[in-house]
Amino acid sequence: MPVIIKRILFFAALLLIWHGIYLLGIWPESMIPSPLTVAQTIYAGFADMTLVYDIIASFRHLFIGLSISLVIGTLLGVLLAKVKTADETLGTMILALQSVPSIVWVPLAIIWFGFTEASIIFVVIIGGTFVMTMNMRIGIKNVAPMYLKAARTMGSKGVDLFFKVVVPASIPHAVTGVRLAWAFSWRALMAGEMLSTGPGLGYTLSYASDFNNMSLVIGIIIIIGVIGSIVDQLVFQRIENKVLKRWGMEEAA
Amino acid sequence: MYLDISNISKSFQRNDEQSLQALKDINLEIKEGEFISLLGPSGCGKSTLLSIIAGLTKPSSGAVSLDSKEITEPGPDKSMVFQEPALFPWMSVKENVTFPLRKKMRKHEQEQAAAAYLKMVHLSQFAENHPHELSGGMQQRVAIARALAMDSGLLLMDEPFGALDEQTRLVLQEEVERIWLETKKTIVFVTHSIREAIKLSDRIIIMSARPGSIISDFKVDIERPRQQQDMAKLEEDVMAILKTEIENVMKEELQYAGNH
């Protein structure tokens with residue numbers, strides 16, 4: 001059976017079970033709404049553009065924050081890979097920071113920047129930077145010594161060697177870094193937005209929760225999940241696979 | 001003298017604080033246009049010696065000079081082919097070949113040079129392909145074209161066919177011999193294959209292991225292209241010399257394994 005059929009059947013079954021539980025009526029509709037109500041809520045949100053504005057706002061925060069985190073992450077990664085002392089000091093700190101969940105930064109951001117977009121963007125930047133740093137560092141450190149040797153015998157050294165050989169050779173790791181940074185930033189974005197004053201998907205989610213609007217809560221969770229997996233699979237995994245194939249690190253699927 | 005290797009020794013520091021002497025008092029003079037093979041068991045330091053000639057490794061003592069100029073770093077006056085093709089996967093075959101030419105020539109001259117050298121290794125139709133689309137033998141031919149493109153007088157080859165299957169190896173041996181006859185480059189060729197050394201070289205240097213030193217240095221006076229039956233006698237002689245060497249290495253390794 002083709003994968004796509006399996007998936008359609010799986011989600012159809014899931015919806016049926018959900019609807020069945022709703023029909024049993026054990027829990028009130030404010031706790032378990034029917035899938036049809038959720039669909040209607042999502043539809044209404046798109047029809048009156050409120051969800052569209054939320055998505056646009058969320059993507060703006062993400063785009064600004066992720067771009068900055070990629071620049072900082074790349075520079076820090078190069079620094080850690082090239083300067084041993086930096087790796088031994090700053091490197092351990094970044095490793096520790098990487099294990100701090102991004103929601104932890106929200107209270108700090110609110111004190112520093114208030115309930116503003118700057119707070120959200122700050123949290124998004126923190127969310128993406130460290131994972132990009134660590135991947136860039138590994139990418140540069142793991143350049144095959146063979147490439148360096150070969151390039152040196154061809155008279156390449158210093159800046160030329162770095163930009164013509166080391167940087168392109170580390171692209172596969174950098175691409176993985178970008179993909180992970182996006183995933184981390186996306187999570188951080190939701191954490192940041194939930195404590196903001198909107199607009200944004202996260203804000204509307206916590207707003208819906210405050211007003212006990214369960215169908216909107218579930219609707220937004222679904223939207224967040226769908227956007228996340230679409231961007232990951234259709235954009236980043238494709239780029240990653242192409243790069244890995246081109247770099248000869250993986251057979252064509 | 002074209003390439004002058006004098007009193008080269010090389011020691012590596014090992015983890016257990018002992019240093020390992022890879023090369024001891026190597027003296028060798030190589031004439032311009034000579035095809036010379038360094039032959040010996042694994043661990044005899046032949047690749048280390050080549051790496052020192054290339055300027056990639058610093059000797060512990062002694063010096064190598066090329067045309068009376070001491071070699072201190074890698075550079076365009078010597079090109080090298082490794083056991084692995086070491087092509088850059090993000091570049092097309094053509095871009096790989098023009099890599100060493102970027103700063104020397106204008107764009108269209110680079111293109112012409114790349115086309116000429118790719119033709120020499122019979123890969124013209126693959127100029128736009130990427131390395132991962134080529135077989136191992138084809139990749140190694142690109143590596144040879146890239147080394148030739150540097151147009152240096154000295155070509156260093158470090159077991160260039162070691163990772164290839166027998167048929168491909170034979171084809172590439174003939175190509176290298178033909179290229180050498182056409183270009184008259186000086187070639188220093190590292191191999192552990194006796195037959196390969198005899199088939200290709202003007203002169204063979206046999207090295208002993210640990211520490212690597214020269215135990216035999218002789219000319220090969222067999223008419224080219226060399227036939228199997230003409231090479232058989234020499235092959236046996238070389239085998240006899242190497243057999244003792246290989247046995248010594250085995251003994252030493254077993255002893256080392258026993259002591260640790």
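Which residues does B:Ile53 touch, if we don't count residues up to four places away in sequence? Okay, so that's my way in today. The answer is B:Val64, B:Ile71, B:Leu156 and B:Val188. Before I go on, keep in mind that this is a predicted model.

So, where does B:Ile53 sit? It belongs to the largest nonpolar core, which has 73 residues. B:Ile53 is among the residues with the most contacts inside that core, and so are two of the partners I just named, B:Leu156 and B:Val188. The others on that list are B:Tyr117, B:Ala145, B:Ala149 and B:Ile205. If you're looking for the helix that gives the most to this core, go to α4 of chain B, residues 136-149, with 7 residues.

There's another core, apart from that one, and this one has 44 residues. Among them are A:Leu66, A:Ile140, A:Ile218 and A:Ile223.

Staying with chain A for a second: UniProt, in an unreviewed entry, puts "domain: ABC transmembrane type-1" at residues 55-235. In the model, that stretch of chain A is 85% helix and 0% strand. Its end C-alpha atoms are 18 Å apart.

Last bit, the interface. Here 14 residues of chain A are in contact with 19 residues of chain B. On the chain A side, α7 (145-153) and α8 (158-169) each supply at least two residues. The largest share there, 6 residues, comes from α7(A). And what's the make-up of the side of chain A that touches chain B? You get 8 nonpolar residues, 3 polar and 3 charged.

That's it from me.

How values were computed:
Residues are numbered from 1 along each chain as its sequence is written. Chains are lettered from A and ligands numbered from 1 in the order in which they are written. This is a predicted model: local features need pLDDT of at least 70, side-chain atom pairs count only at pLDDT 80 or more; totals for chains, interfaces and linings use all residues. Two residues are in contact if their C-beta atoms, placed from the backbone, lie within 7 Å. Helices (H or I, at least four residues) and strands (E, at least two) are DSSP runs, numbered from the N terminus. Ala, Val, Leu, Ile, Met, Phe, Trp, Tyr, Cys and Pro count as nonpolar, Asp, Glu, Lys and Arg as charged, and the others, Gly among them, as polar. UniProt positions are given in the numbering used here, feature names are shortened, and annotations may be inferred rather than shown by experiment. A nonpolar core is a set of buried Ala, Val, Leu, Ile, Met, Phe, Trp, Tyr and Cys residues joined through C-beta atoms within 7 Å. A residue is buried if 20 or more other C-beta atoms lie within 10 Å of its own, exposed if 12 or fewer, and partly exposed in between; C-beta atoms are placed from the backbone.
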